[in-house]
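Visitor: I would like to go through this model by asking what justifies each label.
Guide: Good. Here it is.

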2 protein chains.
Amino acid sequence: MSYSIGVFAEQTGLSIDTLRYYEKEGLIFPQRDENNRRMYTENDKTWIAFILRLKETAMPIRQIKEYARLRYAGDSTTKERLALLQSHRAFILKEMERLEENLGHLDVKIASYKQSIIEHEKADSAAVQR
Amino acid sequence: MSYSIGVFAEQTGLSIDTLRYYEKEGLIFPQRDENNRRMYTENDKTWIAFILRLKETAMPIRQIKEYARLRYAGDSTTKERLALLQSHRAFILKEMERLEENLGHLDVKIASYKQSIIEHEKADSAAVQR
DNA sequence: ATATATGCTGGAGCTTACTCCATGTCAAGG
DNA sequence: CCTTGACATGGAGTAAGCTCCAGCATATAT
């Protein structure tokens, strides 16, 4: 079972142009039929889903391409792929820490804004009293 | 006390060009001296530090510009700024959830890679035995 | 036989966030 | 007086990640 680029685009939520762009960039290489049209398989779907995970965690296409190269090269590259994923894991952890820290600061800022709004309202109602 | 753009760039870690770019984009408006040169103050330093926090949490310049507009407009915009920060807070939370979820999947993948490496090594040593 | 839909390629164009460059001004030091 | 250094402006260039388009091929429906 295989899908045309139009169908596959719909299934993955990517645009046709994006799929062709990913191919140009070396992320995915679907088979071609006798008319040179792309035929995406279930395997391609799994692979795209994984690419999207990597993208969601801000991996640049350059690096995904490197992973793709290893993947297409076959089983002998397992260790290299593992290393790549482990380093990406560390990157995600750092990213999460950064977000967490910034969230903390933001919360302080939000609290102080709330406070100053309350004070402003107090001042207003005092003015009305007079 | 105020700083020239060169000194301020060094202090903030931003390049001179970036500082001018931020001004062009409406993020920050330092005073000028009698020769039209930029003079950054302590207040600008606080403001830049906050801008950098927003950037670190992936707020686009377009949106930081909106916050800047409100800030430069004065105290009457407190509520709007609060609202903007609260919606950004929600954005950060979603971002963190996304990362967490992807981290989970990545860990599964890493575990399975480790497993298949172990099995591969077993197969190898069995081959050597023969 | 022809119209329509879908796909192909190569290349231009777009957005974001800078970064670099040519040209010019001005104050201070030698 | 003249050079040097820091700064000014306007505009071009860059990298990433798409997005769009012209021009052509092919298959299916009418």
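Visitor: Which element gives the largest share of the surface near DNA strand C?
Guide: That is α2(B), with four residues. One caution at the start: this is a predicted model.

Visitor: What other elements give two or more residues to the surface near DNA strand C?
Guide: Chain A brings α1 (5-12) and α2, and chain B brings α2 (16-24) and α4 (61-73).

Visitor: Which residues are closest to DNA strand C?
Guide: A:Ser4, A:Arg20, A:Arg37, A:Arg38 and B:Lys55, out of 18 that surround the strand. By class, the surface near DNA strand C holds six nonpolar, five polar and seven charged residues.

Visitor: Which part of DNA strand C gives most of the atoms within 4 Å of the protein, sugar and phosphate or bases?
Guide: Sugar or phosphate, with 73% of those atoms. The rest belong to bases.

Visitor: What makes A:Arg20 a polar contact of DNA strand C?
Guide: The cut-off is 3.5 Å between N or O atoms. A polar side-chain atom of A:Arg20 lies 2.7 Å from a phosphate oxygen of the strand, so the pair qualifies.

Visitor: How do you know that A:Asn36 also qualifies?
Guide: An N or O atom in the A:Asn36 side chain is 3.5 Å from a sugar or linking oxygen of DNA strand C. The rule says within 3.5 Å, so the pair stands at the stated limit.

Visitor: Which residue has a side-chain N or O atom 3.3 Å from a base nitrogen of DNA strand C?
Guide: B:Asp17.

Visitor: Now DNA strand D. Where does A:Asp17 meet this strand, at a base or at a phosphate?
Guide: At a base: a polar side-chain atom of A:Asp17 lies 3.3 Å from a base nitrogen of DNA strand D. Phosphate oxygens of this strand are reached by A:Tyr22, at 2.9 Å, and by A:Asn35, at 2.6 Å.

Visitor: Which elements give two or more residues to the surface near DNA strand D?
Guide: From chain A, α2 (16-24) and α4 (61-73); from chain B, α1 (5-12). Here α2(A) gives the most, four residues.

Visitor: What residues come nearest to DNA strand D?
Guide: A:Asn35, A:Lys55, B:Ser4, B:Arg37 and B:Arg38, of 19 around the strand. Sugar and phosphate make up 71% of the strand's atoms within 4 Å of the protein. The residues of this surface divide into five nonpolar, six polar and eight charged.

Visitor: Why is the pair A:Glu23 and A:Arg38 called a salt bridge?
Guide: The rule asks for a Lys or Arg side-chain nitrogen within 4 Å of an Asp or Glu carboxyl oxygen. The closest N and O atoms of A:Glu23 and A:Arg38 are 2.5 Å apart, so the pair passes. The pair links distant parts of the chain: A:Glu23 is in helix α2 and A:Arg38 in strand β2 (residues 38-39), 15 residues apart.

Visitor: How many salt bridges are there over all chains?
Guide: The structure holds 18. Across the interface of chain A and chain B the rule finds eight. One joins A:Lys79 to B:Glu121, with 3.2 Å between the closest N and O atoms. That is within 4 Å, so the name holds.

Visitor: What makes the two chains partners in contact?
Guide: Contact needs heavy atoms within 4.5 Å. On that basis 33 residues of chain A touch 33 residues of chain B. The buried area is about 3,400 Å², with 68% from carbon and sulfur atoms. A:Arg53, A:Leu99 and A:Tyr113 supply 19% of what chain A buries there, more than any other three residues.

Visitor: How many residue pairs are in polar contact across the interface of chain A and chain B?
Guide: The rule finds 16. On the chain A side, α3 (42-56) and α5 (78-129) give two or more residues. α5(A) gives the most, with 28. That side divides into 13 nonpolar, seven polar and 13 charged residues.

Visitor: Why is residues 82-116 of chain A called a "coiled-coil region"?
Guide: The name comes from the UniProt annotation, an unreviewed entry. In the model the span is 100% helix, and its end C-alpha atoms lie 51 Å apart.

Note on methods. Residues are numbered from 1 along each chain as its sequence is written. Chains are lettered from A and ligands numbered from 1 in the order in which they are written. This is a predicted model: local features need pLDDT of at least 70, side-chain atom pairs count only at pLDDT 80 or more; totals for chains, interfaces and linings use all residues. Side-chain values use heavy atoms; hydrogens and water are left out. Buried area is the accessible area (1.4 Å probe) that two parts lose on being put together, summed over both. A polar contact is a pair of N or O atoms within 3.5 Å; within protein, one must be able to donate a hydrogen and the other to accept it, and residues adjacent in sequence count only if both atoms are side-chain atoms. Ala, Val, Leu, Ile, Met, Phe, Trp, Tyr, Cys and Pro count as nonpolar, Asp, Glu, Lys and Arg as charged, and the others, Gly among them, as polar. A residue is near a molecule or strand if one of its heavy atoms lies within 4 Å of it. UniProt positions are given in the numbering used here, feature names are shortened, and annotations may be inferred rather than shown by experiment.
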